[in-house]
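Please look through the structure shown here at your own pace, beginning with one small sheet of strands and then stepping back to the whole chain.

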Amino acid sequence: MNTIGQPLDRTDGVLKVTGGAKYAAEFPAAQLAHAVLVTSSIACGRIASIDATRAEAMPGVLLVMTSRNAPRLPNGGEPEVSPPAQRRLSLLQTDEVRYDNEPVALVVADTLERAVDAAGHLRIEYAPPSPTLDFAATKAHGHPPQSMIGGKPDTLRGNIERGLSAGSVRIDAVYTTPMEHHNPMEPHAIMASWDGPRLTLYDTSQGVGNARKAVAAFLGISPDDVHIVSPFVGGGFGCKGSVWSHVVLCAMAARQVGRTVRLALTRPQMFGPVGGRPRTEQHLVLAAREDGTLTGMRHDTYSNTSTFEDWTETSGVLTRMLYEVPNLATTHRLVPLNVGTPTFMRAPGETTGSFALESAMDELAAALKIDPLTLRLKNYAEIDPQERKPWSSKQLRECYRVGAERFGWSKRVHAPRSMRQGHTLIGMGMATATYPAHRSEAAAFARILPDGSAVVASGTQDLGTGTYTVMTQVAADALGFPPDRVSFALGDSSLPNAPVSGGSQSVASVGPAVMEAAGAARKQLIDIACADAGSPLHGMSTADVTVVDGWVVARHDAARRDPAAAVIARAGGRPIEGRATAKRGDEAQRYAFHSFGAVFVEVHVDAELGTIRVPRVVAVYDVGTLLNEKTGKSQLMGGIVWGIGAALEEASELDPRYGRFVNANLAEYHVPVNADVGTIDVSVLNVPDPRFNALGARGIGEIGITGVPAAIANAVYHATGVRVRDLPITLDKVL
Ligand code: MOS
């Protein structure tokens, strides 16, 4: 029986709910020392003086590491920046301060309480600050990024001026989205331990292979001497895709004190030193004929970066591929501010970009008095309009159709503010979801053990998403074993290399490697059985033999069968191992790979108070084969919940004088709670994409959030007649 697609329970579920799963800060260590990170209290300037005398003299204090005494690193602690893993960090190599909450010291003591106490007695004086924090004022000096993940910073097709003037209706509007910070349940944490030249790091990481190389580069040691262990990750969302300062600082401190050192960031330390989503300001110009045919489109994005590293929110990238527009221009400009460098945050670019583009499409539909869904169908891209390549598989039309039907879109009355029930203004909005399908090289091994069970492994990660579970399913099917006889190992840099669990690529990349490695092990098992005089299958052609439920069995004679354990025992008792490295061929030259979805939202707005509720979201996705009905739909649902937060609640509020986030905690940084979320109806078309990989599966990690903020904004407009172009949509903006 195939287990792929089945709603298998999480294989790590029991471990997680019983406390058996060990997270980064939970590994036992003899003589453990505890570190506390001290961060700056100004946004820009220099450290004039640090008085550590008192802190150093306090009981139990082992080390106060500052720019005065920190070990000097190669290249001043700045090896080449190569995201996602390697970034520009704060490694106490200079006195410069570039943002508020920047690491400036590490205090290590024999207990956490003593480290916290000593950290509070560190006296740091700063030279007068003059931070750059004004996005609007700095925008004028915005610069193009030198390079950008996801394509060129600027693109032009057709004749943009002619295209914009060819339309009879034009939408010209600016949309903004705020800075946000990822706050997984488990903040960043690290334990560092040296054994001679060898460093072991217990980390919470989205990419153990990349982390190994990055840490080695920062410390100037061999990657062979770095071992990253990260079996469980309490949420990632992009912030754990890079090695940040605290990881390297903890390793430096552990070497100094000669003990294992543990460092867990506090919740407020999640706001700055470990990335976040930058502020965006997006200018959209859309032109169309009376019948809704788009003639031209411009999308100009400004987003902030830090003063010391360029990182680009790629908001304009989806505008290049979502609709058939002959004339189109996109640009990206960076606005350097004295804040921590932003980073990948769930669907970076697509989340913010789809808010702007899909809001603008709704504005166009309203101006043309055309149904918003009809407008999208009118401009449906049959091929990738930028690359002029066919899609490997695109079922967006079916997403629209199924979604509209499940939602009851036909009941929507076109005019805004026309579906009132007493004090409640009812609004219906929709938007398109999309995310590219990425795939990278990945390796795996599969071992059939003498007891007839199997261990399959790859150096990939499970961010809580279900990698353990779905890879167990892929391996079980490829081996011909029941899933409860297969265990999957991951989260260890000594395992075969796999890419960062970012860009929604783990299933698409690691799945094929696991499938091939398991297939190779199964083939050996069959070969051995058929060649073995003691086996009931002896002498049969291997083509007539298969493996079912852990038994080697004749395809046409179920009575001729041999358990895997018996085959191995007679062959000498050694495990059977298959290995594979899987990567893309040249298919990307022929096809464009994207996932799609349609999101429909109902909102209820209180006519007097302006409070906005989201009783209902219906979303339909085209993501190729869904490997696990339960974990897959949960992940898409999680994305939608975050989309509700991005639309209505989430924002990191920067104090414009001091560059400090004033709501750097989970009490004042609002995210959706249960009461904020109504019914979420997720369905997946489950049409395999065999041109993408043998599983036919594209990624699902990020698409769920895309489109949701726009669908909500569009529904709020439909309910109230008020168009809000600045996220989050708080009640003051609709009154
Ligand atoms: Mo995702 S933001 O690429 O971890």
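**A sheet and the helix across it**

In this predicted model, three strands form an open sheet in the order β23-β24-β25, and their pairing is antiparallel. The edges of this sheet are β23, which covers residues 545-548, and β25, which covers residues 557-563, and each of these edge strands pairs on one side only. If you compare the directions of neighbouring strands in the sheet, you will find them turned against each other by 35 degrees on average, with direction ignored.

It helps to recall that the strands of a sheet pair through backbone hydrogen bonds, either parallel or antiparallel. Here, strand β24, made of residues 551-554, runs antiparallel to β25 and is joined to β25 by 4 bridges. To follow the pairing at the level of single residues, find V553, whose bridge partner in β25 is R561.

The sheet also has a helix as its neighbour, since α12, which spans residues 506-531, lies across β23, β24 and β25 and runs at about 120 degrees to β23.

Stepping back to the chain as a whole, you can count 17 helices and 29 strands. The radius of gyration of the chain is 27 Å, close to the 27 Å that the globule rule gives for 735 residues, and the chain is therefore as compact as a globular protein of that length. Along its principal axes, the C-alpha trace spans about 80 × 75 × 50 Å, and 56% of the 735 residues count as buried. Among the contacts with a separation of 6 or more, 82% are between residues that stand 24 or more positions apart in the chain.

Definitions and conventions. Residues numbered from 1 in each chain as written. Predicted model: local features only at pLDDT ≥ 70, side-chain atom pairs only at ≥ 80, totals over all residues. Pairing = 2+ DSSP bridges. Helix = DSSP H or I, 4+ residues; strand = E, 2+ residues; numbered from the N terminus. Axes fitted to C-alpha atoms, helices over the stretch in contact; angles between N-to-C directions. Contact = placed C-beta atoms within 7 Å. Rg over C-alpha atoms; globule rule 2.2 N^0.38 Å. Buried ≥ 20, exposed ≤ 12 C-beta atoms within 10 Å, placed from the backbone.
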